[in-house]
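Student: Could you take a close look with me at one small part of this model? After that, please carry on from there into the rest, so that I can follow it on my screen.

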Amino acid sequence: MTALVRHPRFRRWGWIVIGALVLVSLGRATLETGPPRTTAEQVRVIGATLKCPTCRSQSVSGSDSAAAKAIRNEITQRVEAGESADEIRTAISATYDDVQLIPKASGFEGLVWIVPVFVLILGFAGVAAGVARWRRATTRHATEADRILVNKALDER
Amino acid sequence: MSEVGAEPDRSDELPGPVQQGRPMVIVAVALAVVVALLIAVLATRSPSGERSRQSPLLGRPAPAIVGTTLAGDSFDLAEYRGRWVVVNFFATWCIPCVQEHPELAKFQARHAGTGDAALVSVLFDNTADEAQGFFTENGGDWPVVVDEAGAVGVDYGVARVPESFLVAPNGIVVQRLVGGVTAAEVDDLIAQYEGAPE
Amino acid sequence: MNAALGTAGVVLGFAASFLGVVTLAVGLRQKRPRLLETGWSYSLLALLGALIAVVAMQRALITRDFSMGFVHDNGSSRTPPLFNVATMWSALEGSILLWVLILTGYTVHVARKFRARLTDPLVGMALLVMLVVGAFFFLLILGPANPFTTVSVPPGFDGPGPNPLLQEHILMAIHPPMLYLGYVGFTVPFAFAIAALATGRLGEGWLVETRRATLTAWGFLTIGIILGAWWSYEVLGWGGYWGWDPVENASLLPWLTGTAYLHSVLVQERRGMLRVWNLSLLCATFSLTILGTFLTRSGVLESVHAFSDSDIGVWLLSFFAFTVAVTLGLIGWRGDQLRSPGQIDSPLSRESAFLVNNVLFAAFAFVVLLGTVFPLIAEAVNGRGVAVGPPYFNRMTVPIGIALLFMMAVAPVLPWRKASTELLSKRLFWPAGAAAITAVVTVALGARGLGTVATFALGAFAGAAALRQVVLATRRQGWRGFVGRANGGMIVHLGVVIIAVAIATNGHFLREIETSFEPGQTLTVGGHEITYLRTVVVEERNRTATKVSVQIDGDRIYEPALSRYDGFGSLIGTPSVKTGLREDVYVTVTRLPEGVDGPVVLRVIIQPMALWLWVGGGVMVLGTILAAWPGRRRVPTDPVSALISLDDPVPVPPLRGSE
């Protein structure tokens, strides 16, 4: 058994099976949708994208302030009336200023989305360049002084 | 870790040549500029509480207020067309609202006779019982609309009570007043708008 | 009397810190060891000053001395004893006092640990830095955050008490001290980093010496963050534990850079590389604690956790600017000298993995920082505020978190220097198998969404990789296989995996319903029977609570409540939680009944695996303790373990006093 498991061919096939299982599962997970949501769950999801007007960055779902409670009631009524999430968001934005919690993808607001991606790419490019440079670093051999140093340290152990 | 412990250390290699130039200075200066800009932004921000009396409602028809008052009568804002209306959002648990109350009473007393302006309070996150006690104790004979679900508050975009909206005789919202108001302040505003041709 | 005593303590602390700074600076400049030795006395005096001030504060709180400003504003005779003690850190002034106490405590710890080496310029400089920070915070107490003002009070006066949200749960009494032990703890490695830069000590000596201090600070910060999340969950009543609120972000930022440091420092210890980067991470961690304090205390951002405003903002922002200027100045000046002639043998090696890990952590911290301050930036540029909230943070950080989980699986099995794909295939085979099985099983159980299933699979991958390391280590070393940095680190990884899986499960399988209950009515929600019994109004010492009795699964009675605290406005909802291994039943009151027999509206949330969030936190802390466990370790700067440059102008200092 152990011999079989250790065999390179077993492992190669094993990796293929693992890869296939992971791909199939992830594919299913991505394409299929979960069970329908209750009203309260939909309210939580929609409320999470709207800013509580008395708070700086908390969402309507995340706040217990009076205004957030009132807006939650409003969302609940509209969800029960069959309105879509976007319709509800638009309706709430009509009376509250700057209530959208998701920054727009365009204009100056778009920077908040783009800059981190740029920074990440820059970071990886930096690491790649660093690794490339460090790999090129020439290797020199130890001098007698180094060996003495190492031996001394080893003796002290 | 087994792999690590077992691995012989090959410290016999000496480092390569030290790089030329001073890239660290450049990086440090670049970072300093970014942080300086950030600090400049942060330093010039006013405390968040002092912001925005804007409202998307300004210049638009006032949202309908239809409901029952504390006294049990029915109320409809549409019936007040032709008069200035101060729509005041109120809660008994809110201290500035309680402080504002005498000013509202003064405003009401001043205009109850002439009938040129009216006052309506809408309860915000407050039950009828709690408000009833307060008005019995502190007086106030203007309509107080009960709005337990907060629907009217949401229609007006009320964030934090006390908050008041000034509705012109033609039914258009002209002003949002955040925080407590005084009778004089509201009268001045009305006079201002009356003076200016619409 | 209390106010005078407190002020005396603060003045003593400030004077000691200030004089200490001057004396040490002169001593360093003129190379006078006698002066450097006084660092110990000044540290002690500063601690004494802080202690006196804290004692005065507590005495005033306990005796309800309303003539003292802080007690007048935050104390109350109705506050229960435990929360009365905790009132000190419920408001700005008192929490700065707590900060100072912890900071001076750490300063004395450093001075004591290095008492044989006080004349060493590196230690002298580090103490100097700590005393500078101490002097600044003492100054804050004397200036904009003075709790020891005196007010005249009418007889029979009673204060409002601390914010009701802070009186709801025992966690609030311990969460801030933990958080501050973490925040302030990072001052120790920061001080040594600055000292290393200023004295030009190129070696790794300071790293080793601050190793345990860094780990301790990180551990406390972890505890603080987890307790904060737990408090949110138990008290705030919205059913969540993390809202990407500015205060939460402010605690997460130094944690992220600190975590990056804990990993990248290993590369420096083993390979002598990344010296400047590590110094920068420590400086960033410290600066971010100051920036975080500014963001949450100055009132430029609003937050549920920020309970006070004052004009302290200018001070904190200036100190932040000062810190950054000094740090960047030093790095610009010394950085190029410090750069080590590093070498990497292969992109497939543990050091490369740590580099990738650091890019990911840095990007994570960047996203959190940008999202937190972006509303202010947008307002400055456009004149219009933009809200950046949880949807943004989730969308940006979940992919980074998933990438980190992947790295967490791969990095521990990678050897230093160079790995072959054959080796990886061998070591990662079983963890990958576990990941594949997990993916299949969770999808079969109904999990959907790429992020969710990827988290489960990668969680199994990383967890199995960490377990593999622990098993190998214990097989080889017995119980010692659990202790030490590498082994303890694997336990921390297991804790992180538990938390990641719990977050994904909770987010995906959470079920919520809001519905009306008649008295005596039983409804089944998510397989749990919930019976509404009655509503009782309870007059307590400091609040009027309307408690709703609910029976869950025929078990004991749970009492979610809506309370109104004396002196505070709106109703505060308190959830009641039936905790379970599999899932919690979380009940809050949405609307109280009109009369005695009226229906009540309850919100019931089934929170899967919520308990495991805190368990995972506990495992992380356990791992941290194991990692810091004293034991024989390789000393990285000794010649057999790391590259040293013979070009070093300064010899590596002797390691007396190291752990």
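Tutor: Let's start in chain B of this predicted model, where B:Ser121 has B:Val144 as its bridge partner in strand 5. The pairing behind this contact brings together strand 4 (residues 117–123) and strand 5 of chain B, which run in the parallel sense and share two bridges. As background, strands of a sheet are held to one another by backbone hydrogen bonds, in a parallel or an antiparallel way.

Now step back to the whole sheet. It is an open one of five strands in chain B, with the order 5-4-3-6-7 and mixed pairing. Its edges are strand 5 (144–145) and strand 7 (173–178) of chain B, each of which pairs on one side only. A helix packs on this sheet: helix 6 of chain B, covering residues 183–195, touches strand 3 (84–90), strand 4, strand 6 (163–167) and strand 7 of chain B. The direction of helix 6 makes about 155° with that of strand 7 of chain B.

For a contrast in pairing, turn to chain C. Here four strands make an open sheet in the order 1-10-9-8, and the pairing is antiparallel. Strand 1 and strand 8 (576–578) of chain C are the edge strands, each with a partner on one side only. From one strand to the next, the twist averages 20°. Inside this sheet, strand 9 (residues 583–591) and strand 10 (residues 600–608) of chain C run antiparallel and are joined by eight bridges. If you would like a residue pair to click on, C:Thr588 has C:Arg603 in strand 10 of chain C as its bridge partner.

The edge strand 1 of chain C also leads us to another chain. C:Glu512 forms a salt bridge with A:Arg44, with the closest N and O atoms 2.5 Å apart. Why does this pair join two chains? It does so because C:Glu512 sits in strand 1 (residues 511–517) of chain C, while A:Arg44 belongs to helix 3 (residues 39–47) of chain A. Both residues, A:Arg44 and C:Glu512, are buried.

That pair has company. Across the interface of chain C and chain A, the rule finds four salt bridges. C:Glu422 forms a salt bridge with A:Arg11, with 3.4 Å between the closest N and O atoms. There is also a network of salt bridges that links A:Arg28, A:Glu32 and C:Arg448. As for the interface itself, 78 residues of chain C are in contact with 63 residues of chain A. Between them, chain C and chain A bury about 6,200 Å², and 66% of this is on carbon and sulfur atoms.

Salt bridges also occur within single chains, and the structure holds 19 over all chains. In chain C, C:Arg485 and C:Glu269 form one, their closest N and O atoms being 2.7 Å apart. This pair links distant parts of the chain: C:Arg485 is in helix 19 (residues 485–509) and C:Glu269 in helix 12 (residues 246–271) of chain C, 216 residues apart. C:Glu269 has a relative accessible area of 5%, so it counts as buried. C:Arg485 has 21% and is therefore partly exposed, since the cut-off for buried is under 20%. In chain A, A:Glu83 forms a salt bridge with A:Arg78, at 3.2 Å between the closest N and O atoms. A:Glu83 is partly exposed at 26% relative accessibility, and A:Arg78 is partly exposed at 22%.

Finally, the two partner chains as wholes. Chain A has seven helices and zero strands, whereas chain C has 20 helices and 10 strands. Of the 157 residues in chain A, 37% are buried; in chain C, with its 659 residues, the buried share is 65%. Among contacts with a separation of 6 or more, residues 24 or more positions apart account for 39% in chain A and for 72% in chain C. Chain A exposes about 9,000 Å², with 63% supplied by carbon and sulfur atoms, and chain C exposes about 22,500 Å², with 65% from those atoms.

Terms used:
Residues numbered from 1 in each chain as written. Chains lettered and ligands numbered in written order. Predicted model: local features only at pLDDT ≥ 70, side-chain atom pairs only at ≥ 80, totals over all residues. Heavy atoms only, no water. Buried < 20%, exposed > 50% of the residue type's maximum accessible area, 1.4 Å probe, protein only. Contact = heavy atoms within 4.5 Å. Areas by Shrake-Rupley, 256 points an atom, 1.4 Å probe, with all protein chains shown as cover. Pairing = 2+ DSSP bridges. Axes fitted to C-alpha atoms, helices over the stretch in contact; angles between N-to-C directions. Salt bridge = Lys/Arg side-chain N within 4 Å of Asp/Glu carboxyl O. Buried area = accessible area lost by both parts, 1.4 Å probe.
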